[in-house]
Amino acid sequence: MTQAPPGKNADLPVRALVGLLLIAVAAAALWWGGFAFWLLVAIAGIIMMHEWGGLHGATAQQKKLAQYALTVPLAIMAPVAAGPGFLAFGLVLGAMFFIAIVTRNGRLGIGALYIGLPVLALLTLRTGEQGLLLAFWTMALVWACDIGAYFAGRTLGGPKLMPAVSPNKTWAGLIGGVAGAGLFAAILTLSGLDWRLAAATPALAVLAQMGDLYESWLKRCAGVKDSGNLLPGHGGVLDRLDGLVAVAPVAALLVLAIR
């Protein structure tokens with residue numbers, strides 16, 4: 001999730017096109033649910049595990065091992081297997097310890113938890129009661145926050161939010177993102193979204209932007225601009241989903257808490 005600095009929007013057409021394509025693919029998989037949604041989030045998880053390794057000094061062999069280890073809990077989450085649940089959660093933890101011990105890279109091992117939990121959360125939301133609505137709310141609030149932050153930051157500019165970590169992000173972008181997500185959730189209550197989840201959405205929008213800042217910090221520590229180059233105008237998959245990674249587990253806990 002990136003806020004463009006004022007006057008620097010030359011890549012906006014490419015970003016917009018790729019962003020729309022990504023949203024279309026995600027929305028289609030979300031609508032179909034089942035195997036289609038699992039396959040999308042599992043593939044995204046495997047790619048993000050590779051990118052995470054790149055941010056934490058892993059060798060090519062270590063990144064492959066980490067990806068293979070993560071495929072075990074991801075496979076268990078499939079509709080034809082046990083599905084999302086405590087077994088899958090236990091295997092995510094197991095993958096984390098296995099990767100950390102075998103590679104002797106604890107930060108690489110943490111990636112299994114950092115990526116595996118959001119995947120588990122999204123699949124849990126989608127397979128539960130009101131699954132389509134709740135999974136859509138979780139994903140789309142991040143999209144709304146991203147859009148609001150981008151255009152508010154580009155249009156208004158102003159004081160920087162955390163220049164030492166991400167020089168392009170502004171306080172205007174933060175406020176615009178929170179406002180965009182809050183408005184989206186308010187509209188979604190007309191489709192049956194629980195008012196308590198709508199009320200929590202602005203806080204989740206802040207969390208999404210914190211996830212964005214965290215990944216920016218990781219990239220700065222690694223000395224790279226993007227986590228990958230798979231998505232033109234966006235960087236890597238981890239760059240595109242950094243906000244959702246932070247939001248999805250908390251959103252799932254909130255849904256469980258109100259049931």
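## Exercises on a predicted model

**Exercise 1.** Check whether the span of helix H8 (residues 195–222) agrees with its number of residues.

*Solution.* Helix H8 has 28 residues, and the rise is taken as 1.5 Å a residue. The expected span is 1.5 Å times one less than the number of residues, which gives 40 Å for H8. The C-alpha atoms at its ends lie 41 Å apart, so the two values agree. The model is a predicted one.

**Exercise 2.** Describe the start of H8, its kink and the residue that follows it.

*Solution.* Begin at the N-terminal end. Asp-194 caps H8 there, with a side-chain oxygen 2.7 Å from the backbone nitrogen of Arg-196. Next, move along the helix to Thr-201, where there is a kink of about 40 degrees. The proline Pro-202 comes shortly after this kink. Last, go past the end of H8: Gly-223 follows, and its phi is positive, near 75 degrees.

**Exercise 3.** Find which parts of the chain the salt bridge between Lys-169 and Asp-212 ties together.

*Solution.* The structure holds five salt bridges. One of them pairs Lys-169 with Asp-212. Their closest N and O atoms are 3.6 Å apart, and the cut-off for a salt bridge is 4 Å. Now place each residue: Lys-169 is in strand S2 (residues 166–170), while Asp-212 is in helix H8. The pair therefore ties together parts that are 43 residues apart in sequence.

**Exercise 4.** Characterise the interface of domain 1 and domain 2 by its contact residues, buried area and polar pairs.

*Solution.* Start with the division of the chain: domain 1 covers 28–127 and domain 2 covers 130–258. Their centres, taken over C-alpha atoms, are 21 Å apart. To the contact, domain 1 gives 17 residues and domain 2 gives 26 residues.

Turn to the area. The two domains bury about 2000 Å² between them, and 83% of this is on carbon and sulfur atoms. On the side of domain 1, Leu-55, Tyr-114 and Leu-125 lose the most area to domain 2, together 34% of what that side buries.

Then count the polar pairs. Zero salt bridges are found across the interface of domain 1 and domain 2, whereas three residue pairs are in polar contact between these domains.

Finally, assign the domain 1 side to elements. Helix H1 (12–32), helix H2 (34–55) and helix H5 (106–127) each give two or more residues to the side that touches domain 2.

How values were computed. Residues are numbered from 1 along each chain as its sequence is written. This is a predicted model: local features need pLDDT of at least 70, side-chain atom pairs count only at pLDDT 80 or more; totals for chains, interfaces and linings use all residues. Side-chain values use heavy atoms; hydrogens and water are left out. Helices (H or I, at least four residues) and strands (E, at least two) are DSSP runs, numbered from the N terminus. The bend at a residue is the angle between axes fitted to the seven residues ending there and the seven starting there. A polar contact is a pair of N or O atoms within 3.5 Å; within protein, one must be able to donate a hydrogen and the other to accept it, and residues adjacent in sequence count only if both atoms are side-chain atoms. Domain bounds come from an automatic or database domain assignment. Contact means heavy atoms within 4.5 Å. Buried area is the accessible area (1.4 Å probe) that two parts lose on being put together, summed over both. A salt bridge is a side-chain nitrogen of Lys or Arg within 4 Å of a carboxyl oxygen of Asp or Glu.
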